Amino acid sequence: MRPLAVLRHDVPASLVVFLVAVPLSLGIALASGAPIVAGLIAAIVGGVVAGALGGSPLQVSGPAAGLTVIMAETINTFGWAVTCLITVAAGALQVLLGLSRVARAALAISPAIVHGMLAGIGVTIVLGQLHVILGGKAQSSAIENIAELPAQIVAHHDAAAVIGLLTIVILLVWPRLPAAVRKVPGPLAAIAVATVVSVAAGMTLPRVELPGDLLQIRFAPALPGGGWADVAVAAVTIALIASVESLLSAVAVDKLHNGARSNLDRELVGQGAANMVSGALGGLPVTGVIVRSSTNVSAGGKTRASAILHGVWVLVFVVVLAGLIQNIPLAALAGLLVHVGAKLVNPGHLKQVLRHGDLALYLVTLAGVVVFDLLTGVVAGIVLALLLMLRRTVWSGIHVERDGERWRVVVEGVLTFLSVPRLTKVLGTVPEGATVTLELVVDYLDHASFESLISWQQAHERAGGTVSVDEVGHPWLAKGREGHPTLRRTAAAGAVPRWLAPWSDWQAADVHVPGQRAHPTRRGATEFQRRAAPLLRETLSGLADGQRPHTMFITCGDSRIVPNLITTSGPGDLFTVRNIGNLVPPAQADPSMNAAVEYAVGVLRVREIVVCGHSSCGAMGALADGPPPGTALEVWLRHAEPSRTRRGPVTLDGERPGREPDRLALHNVLQQLEHLRQYPMVVEAERRGDLVLTGLYFDVGEAQVSLSDPVTGAFVTAGTPTVARHGG
C-alpha cells in the first residue's frame with residue numbers, strides 16, 4: 001500500500017489500538033504477578049516484531065489474558081529471571097514449529113476445549129482480582145480464592161473497593177453511551193476516570209511502579225539452578241498455548257475483513273521471534289490478541305503497518321509519560337481484569353458448544369483449569385475429546401425388530417471388538433428356533449465381530465432356527481466367509497444408497513415359505529415403510545391436501561429412467577406422464593395426453609414441461625427397424641412417424657450418436673416439443689411467458705443428462721455455459 005494510504009488508514013487505526021493496549025497490558029502484567037513494565041515490553045515487542053514478521057497482516061499481538069494463569073504459576077515456581085528464559089525457549093520452539101509447517105495442526109484442537117480453556121482462565125482471573133478490588137490479596141490458587149472470598153466480602157472495604165467497582169461500572173455502562181463518546185476506548189476511559197478520581201480524592205492506594213529509567217532496563221534471562229525437565233515442560237506448555245491462541249485469533253481475524261488471508265506458518269514464526277525478543281528484554285510472552293486485532297480491523301487498519309505503529313506509540317507513551325502511568329491504582333487495573341475475565345466466559349460460545357454436543361469437553365476443560373491448572377485442564381479436555389472421538393468412530397446401532405413370527409436384527413455403523421459385548425447381548429434376546437434376518441449396514445467389520453456373528457449364526461441354526469443375511473453396501477460378512485476378508489475401510493466398495501440402486505444391488509434372496517412365490521415389491525414396500533417413511537413423513541404431510549408441482553415431466557416407461565433421480569427433485573416436484581417412447585400425440589388423437597396437459601397447465605399451472613428421451617430406447621429401436629405389424633406397438637408408434645422423417649442432424653455435445661436409435665431419440669424429443677406447441681393451452685401459456693418447454697436426453701450408460709439448446713436444437717451436457725445462457 002502507498003505511504004499516503006498508510007497515513008490515511010493505518011495511523012488512525014494504530015492510535016485506537018494503542019489506547020486499548022496500554023491499560024490491558026498493565027492489567028495482564030498485574031494478574032500474572034510479573035513486573036508491571038513486563039506487560040508494556042510485551043506490547044511493544046508484540047506490535048513491532050510480530051507485526052513485521054508475522055503472517056497475519058491485521059493481527060495485533062501483545063500480552064494476552066489467556067496466559068495469565070500459567071504465567072502466574074511459572075513465575076511463582078521459577079522466579080522472574082528464569083521465566084524470561086522460559087519465554088525465550090518457548091519462542092524458539094514456536095519458530096521451529098512454524099518452519100516445519102505444522103501450524104494448521106494446532107487448529108485440530110476442538111473449539112470446545114479452546115472456549116473451555118478461555119472460560120477457565122476468565123473464572124480464575126475474576127476470582128483472584130476480586131480479592132484485590134475488595135482490598136485484599138489474591139491467593140495462589142482458584143480454590144483458595146473461592147474459600148477466602150466470603151470472608152473478603154464481609155470484611156471492611158477501603159478506597160480500593162471504591163476504585164475497582166467504579167472501573168467495572170464504567171466498563172459496563174460504556175457500550176450503552178452515545179457513539180460519539182464511545183470513540184474513546186472503554187478500558188482507557190475507565191482507567192483514566194478511576195485514576196483521576198483517586199488522585200483528586202487524595203486516596204492512599206497501591207499504584208503502578210515503573211523503573212526509574214525505562215531505557216536502561218536489563219531483565220536478562222537467567223539459567224535455573226536445576227530442574228531442567230520442569231523448565232522444558234513449562235516452555236513447551238507456553239509455546240503450545242501461545243501458538244494455539246495466536247493461530248485461532250488469526251483465523252478469526254481473517255473472517256473480519258476481505259483482504260489477504262493469513263499465512264499461519266509465517267505467523268507462528270513471527271510470534272516465536274517476538275517471544276524470543278520479549279523474553280530477552282524482560283517482557284511477558286506474546287500472542288495474537290483478538291480484542292486488539294478486531295479493534296484494528298474496525299478502526300480501518302489496512303496493512304501490518306497499523307500493528308507496528310501501535311507498538312511504537314506504546315514505547316513513546318511509556319518513555320514520555322511514565323509519571324502518568326505511575327498514578328494508576330492497582331485496584332483500577334484489577335477492576336479492568338475482572339471485566340476482561342468475565343467476558344472470557346462467553347455465553348455465545350457456550351450455546352455454540354451445546355448445539356454441537358460438546359458441552360462435556362467445555363466443562364471438563366473449564367473445571368480442570370480452575371481446580372488444577374491450565375495445562376491439566378487442556379490435557380483433560382484433549383483426552384476426553386479423544387475418548388469421545390473413539391466412541392463415535394466405533395459406534396454401532398444394534399437392535400432387534402419383530403414382525404409376526406419373524407425377527408430382524410439390524411446392525412449399523414462400525415462393528416469392532418468394542419461392540420461385541422453389546423452385539424452378543426442383543427443377539428441373545430432372539431428366541432431359539434426363530435426365523436431371523438440379519439441386516440448389516442456397516443462401514444467396517446473387524447475379525448472379532450466377524451467371529452461373533454458367525455458363531456451366533458451357527459449356534460442359532462443348530463438349535464433349529466434359520467438365519468438369512470442381508471448386507472447393505474460392501475459385503476463384509478460375505479467376503480469373510482469366502483476367506484478374503486476386507487481389511488480396511490478404504491478397500492471396501494462404495495455403496496449406492498438403497499433407494500437408488502437396482503434391486504439386485506441390495507436385495508438378498510427373498511425369504512419365503514417353500515412353494516410360494518417371492519414378493520420383491522412387498523419387500524421393497526416394507527423397506528420403504530421401515531426406513532424412508534420416517535424421513536419423508538414431514539415433507540409428505542405438507543402435500544397431503546394437494547400437489548403443487550413446478551414441472552410436467554413426459555418420459556418413456558423404460559425402467560431405467562427415474563425422473564426424480566436425474567432431476568434431483570422430490571415428492572411434489574414433478575407431474576410425471578410416462579408412455580412408450582415419450583410421445584405427445586396431437587391434441588385430439590389421445591384424450592389421455594390431452595387431459596394430462598390441460599390439467600398440468602390449466603389447473604396445476606406448472607412452469608415447465610420437459611420431454612425426456614434416452615439412449616437404447618426400445619421404442620426408437622422399433623421405430624428405426626419397423627415395429628412388428630399388426631401389434632398395438634405398431635399402432636402407437638404411428639404418432640412417432642414425424643420423428644422418423646425429420647430432416648437435418650441433431651448433435652449431442654457437438655457429435656452425432658453412433659447408433660441410429662439414439663439419433664432418432666434426439667429427433668423424437670424435439671418433435672414432441674413441436675407437438676406440444678400445437679396444444680392451445682400450451683401456446684397461450686408460452687405466449688404469456690408462464691411456461692417453458694425443455695428437451696432432455698439421458699444417456700443411460702454414461703449417467704449423463706443433456707438439455708436441448710432452445711435456439712439451435714443441439715443437445716449439450718447439463719450445466720454447460722450454453723445451457724445456462726439460454727435457460728433451457
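Ser615 is buried in this predicted model. Its relative accessibility is 5%, which falls under the 20% cut-off, so the residue counts as buried. Ser615 sits in the loop between β9 (608-614) and α26 (618-625). Its side chain reaches the backbone nitrogen of Val700 at 2.9 Å. Val700 also appears among the residues that Ser615 touches, once those up to four places away in sequence are set aside. The others on that list are Arg560, Asp662, Tyr697, Phe698, Asp699 and Gly701. Ser615 thus has contacts with each residue from Tyr697 to Gly701.

A second serine, Ser243, is placed in a helix. The element is α10, which covers residues 228-254. Ser243 is buried, with a relative accessible area of 4%. A polar atom of the Ser243 side chain lies 2.6 Å from the backbone oxygen of Ala239. Beyond residues up to four places away in sequence, Ser243 touches Gln94 and Leu268. The side chains of both serines therefore have a backbone partner: a nitrogen for Ser615, an oxygen for Ser243, and each of these pairs is within the 3.5 Å limit for a polar contact.

Tyr679 belongs to the loop between α29 (660-676) and α30 (680-688). Its relative accessible area is 2%, and the residue is buried. Neighbours within four places in sequence are left aside in what follows. Tyr679 is in contact with Val584, Pro585, Pro586 and Ala587. Met593, Asn594 and Val597 are further contacts of Tyr679. Gln588 lies 91 residues from Tyr679 along the chain. The C-alpha atoms of Tyr679 and Gln588 are separated by 9.4 Å.

Val17 is found in helix α1, residues 3-32. At 1% relative accessibility, Val17 counts as buried. Its contacts, apart from neighbours within four places in sequence, are Val60, Arg292, Thr295, Asn296 and His310. Ala235 is 218 residues from Val17 in sequence. In space, the C-alpha atoms of Val17 and Ala235 are 29 Å apart.

Ile70 is a further buried residue, with a relative accessible area of 6%. Ile70 is part of helix α3, which runs over residues 68-78. The chain separation between Ile70 and Leu583 is 513 residues. Their C-alpha atoms are separated by 78 Å.

Two exposed loop residues have unusual backbone angles. Most residues other than glycine have a negative phi. Thr568 has a positive phi of about 45°, although it is not a glycine. Thr568 is located in the loop between α24 (563-566) and β8 (574-579). With 74% relative accessibility, Thr568 counts as exposed. Arg605 also has a positive phi, near 55°, and is a residue other than glycine. Arg605 lies in the loop between α25 (591-603) and β9. The relative accessible area of Arg605 is 56%, and the residue is exposed.

The fold as a whole comprises 31 helices and 12 strands. The radius of gyration is 37 Å, whereas the globule rule gives 27 Å for 728 residues. The value is well over that of the rule, so the protein is more spread out than a compact globule. Along the principal axes, the C-alpha atoms fill a box of roughly 115 × 75 × 50 Å.

Burial and contacts were also computed for the whole protein. Of its 728 residues, 48% count as buried. Among contacts with a separation of 6 or more, 73% come from residues 24 or more positions apart. The accessible surface comes to about 35000 Å². Carbon and sulfur atoms supply 61% of that surface. The protein has 54 positive and 51 negative charges. The mean positions of the two sets of charges are 5 Å apart.

How values were computed. Residues are numbered from 1 along each chain as its sequence is written. This is a predicted model: local features need pLDDT of at least 70, side-chain atom pairs count only at pLDDT 80 or more; totals for chains, interfaces and linings use all residues. Side-chain values use heavy atoms; hydrogens and water are left out. Helices (H or I, at least four residues) and strands (E, at least two) are DSSP runs, numbered from the N terminus. The radius of gyration is taken over C-alpha atoms; the globule rule is 2.2 Å times the number of residues to the power 0.38. Buried means under 20% relative accessible area, exposed over 50%, partly exposed in between (1.4 Å probe, protein chains only). Contact means heavy atoms within 4.5 Å. Accessible areas come from the Shrake-Rupley method with a 1.4 Å probe; for residues, only the protein chains shown count as cover. Lys and Arg count as positive and Asp and Glu as negative; His and the chain ends are not counted. The place of a charge is taken as NZ of Lys, CZ of Arg, CG of Asp or CD of Glu. A polar contact is a pair of N or O atoms within 3.5 Å; within protein, one must be able to donate a hydrogen and the other to accept it, and residues adjacent in sequence count only if both atoms are side-chain atoms.
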